[in-house]
Amino acid sequence: MTARSYLTAYLLFLTSAPFGLHLVYVSRPKQAVVWALTFGGFGFGILRDLFALPRYVREANLKDEERIVYRKNQIELGIKPPWSFNRVLLQCCIGVYFATVFSFLVPSPLDGEIVQDRDKVISNFLYALGLACGVNLVGSIGNEQVLFLQPFLVSILVALVALLNDINLFGLDLGEEKLLSDLLVVAHIVLIQGNCIR
């Protein structure tokens with residue numbers, strides 16, 4: 001592996017920061033995908049990367065063995081990454097973005113057609129899958145890792161609540177039902193953030 005250059009990293013940053021090419025160069029492909037989807041972390045990530053790029057280059061220049069030893073030591077010592085409001089906010093945004101895109105994979109009924117229960121179940125399952133994928137992607141940026149199963153299971157719970165809301169099992173009005181689903185999503189993301197490992 002060739003050593004990454006600070007100059008090259010900053011040149012890529014200056015020419016393509018919203019698309020994340022500088023992040024691909026410093027071996028952060030998951031973050032590059034998020035940057036490409038959000039045009040540089042909604043602009044805020046570009047400003048952050050201006051100052052974080054030297055750290056990214058140093059991390060990319062570590063040999064694979066050094067990186068493995070570093071992660072193993074962090075896990076053995078029980079050191080978790082600090083809680084990050086920015087990461088939680090990005091998990092919410094990307095999770096909901098992926099969930100919305102995934103749920104649109106089920107065709108909408110035409111005017112006058114009745115929505116089949118099967119379509120609601122599939123759409124909610126795809127919503128849960130998209131939410132878990134988005135949260136997992138953002139949670140696994142950098143040295144942190146999030147297991148996929150935990151966000152997926154909680155997302156399935158959110159999808160089930162949404163299905164139950166469709167038949168108004170809880171007897172709540174529409175605003176209360178939406179609030180209940182949103183609170184579950186936020187609680188889910190905060191739990192995931194607390195369980196990140198390096």
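## Exercises on a predicted helical model

Arg-55 has a relative accessible area of 33% and is therefore partly exposed; the class lies between buried (under 20%) and exposed (over 50%), with a 1.4 Å probe and protein chains only. The model is predicted, so local features need pLDDT of at least 70 and side-chain atom pairs pLDDT 80 or more, while totals for chains, interfaces and linings use all residues. Residues are numbered from 1 along each chain as its sequence is written, and side-chain values use heavy atoms, without hydrogens or water.

### Exercise 1. The chain as a whole

Task: State how many helices and strands the chain has, and what share of its residues is buried.

Solution.
- Step 1. Take helices (H or I, at least four residues) and strands (E, at least two) as DSSP runs, numbered from the N terminus. The chain then has nine helices and zero strands, in the order α-α-α-α-α-α-α-α-α.
- Step 2. Apply the burial cut-off: of 198 residues, 37% are buried.
- Step 3. Turn to the surface, using the Shrake-Rupley method with a 1.4 Å probe; for residues, only the protein chains shown count as cover. About 11,700 Å² is exposed by the chain, and 70% of that comes from carbon and sulfur atoms.
- Step 4. Look at contacts (heavy atoms within 4.5 Å). Among those with a separation of 6 or more, 65% are between residues 24 or more positions apart.

### Exercise 2. The salt bridges

Task: Find how many salt bridges the structure holds, and which residues are joined into one network by shared partners.

Solution.
- Step 1. Search for a side-chain nitrogen of Lys or Arg within 4 Å of a carboxyl oxygen of Asp or Glu. The search gives three salt bridges.
- Step 2. In one of them, Glu-59 pairs with Arg-28, and the closest N and O atoms are 3.0 Å apart. This pair links distant parts of the chain: Glu-59 is in helix H4, whereas Arg-28 is in the loop between H2 and helix H3 (29–42), 31 residues away.
- Step 3. Check the burial of both partners. Glu-59, at a relative accessible area of 18%, is buried, and Arg-28 is buried too, at 10%.
- Step 4. Arg-48 and Asp-49 form another bridge, at 4.0 Å from N to O. Here Arg-48 is partly exposed at 39%, but Asp-49 is buried at 0%.
- Step 5. Arg-55 also bridges to Glu-59, at 3.4 Å from N to O. Both residues are in helix H4, four residues apart, or about one turn of the helix. Shared partners thus combine Arg-28, Arg-55 and Glu-59 into one salt-bridge network.

### Exercise 3. The surroundings of Glu-59

Task: Name the residues that Glu-59 is in contact with, leaving aside its neighbours within four places in sequence.

Solution.
- Step 1. Place the residue: Glu-59 belongs to helix H4, which covers residues 44–61.
- Step 2. List the partners beyond that window: Arg-28, Arg-67 and Asn-143.
- Step 3. Test for polar contacts, meaning N or O atoms within 3.5 Å; within protein, one atom must be able to donate a hydrogen and the other to accept it, and residues adjacent in sequence count only if both atoms are side-chain atoms. The side chains of Glu-59 and Arg-28 make such a contact at 3.0 Å.

### Exercise 4. The length of helix H6

Task: Compare the expected span of helix H6 with the distance between its end C-alpha atoms.

Solution.
- Step 1. The expected span is 1.5 Å times one less than the number of residues.
- Step 2. H6 (residues 85–103) has 19 residues and should span 27 Å; its end C-alpha atoms are 27 Å apart, so the two values agree.
- Step 3. Mark the buried positions in H6, which include Arg-87, Leu-90, Ile-94 and Phe-98.

### Exercise 5. A surface patch and positive phi values

Task: Determine which residues form the nonpolar patch on the surface, and what phi Phe-39 has.

Solution.
- Step 1. Patches use residues with over 30% relative accessible area and no salt bridge; like charges are joined within 9 Å, nonpolar side chains (Val, Leu, Ile, Met, Phe, Trp, Tyr) within 5 Å.
- Step 2. Phe-19, Leu-21, Val-24 and Phe-39 make up the nonpolar patch, with about 420 Å² of accessible area together.
- Step 3. Leu-21 is in helix H2 (residues 21–25) and is partly exposed at 44%. Phe-39 is in helix H3 and is exposed at 52%.
- Step 4. Most residues other than glycine have a negative phi. Phe-39, not a glycine, has a positive phi of about 55°.
- Step 5. Ser-27 has a positive phi as well, near 60°. Ser-27 sits in the loop between H2 and H3 and is partly exposed at 37%.
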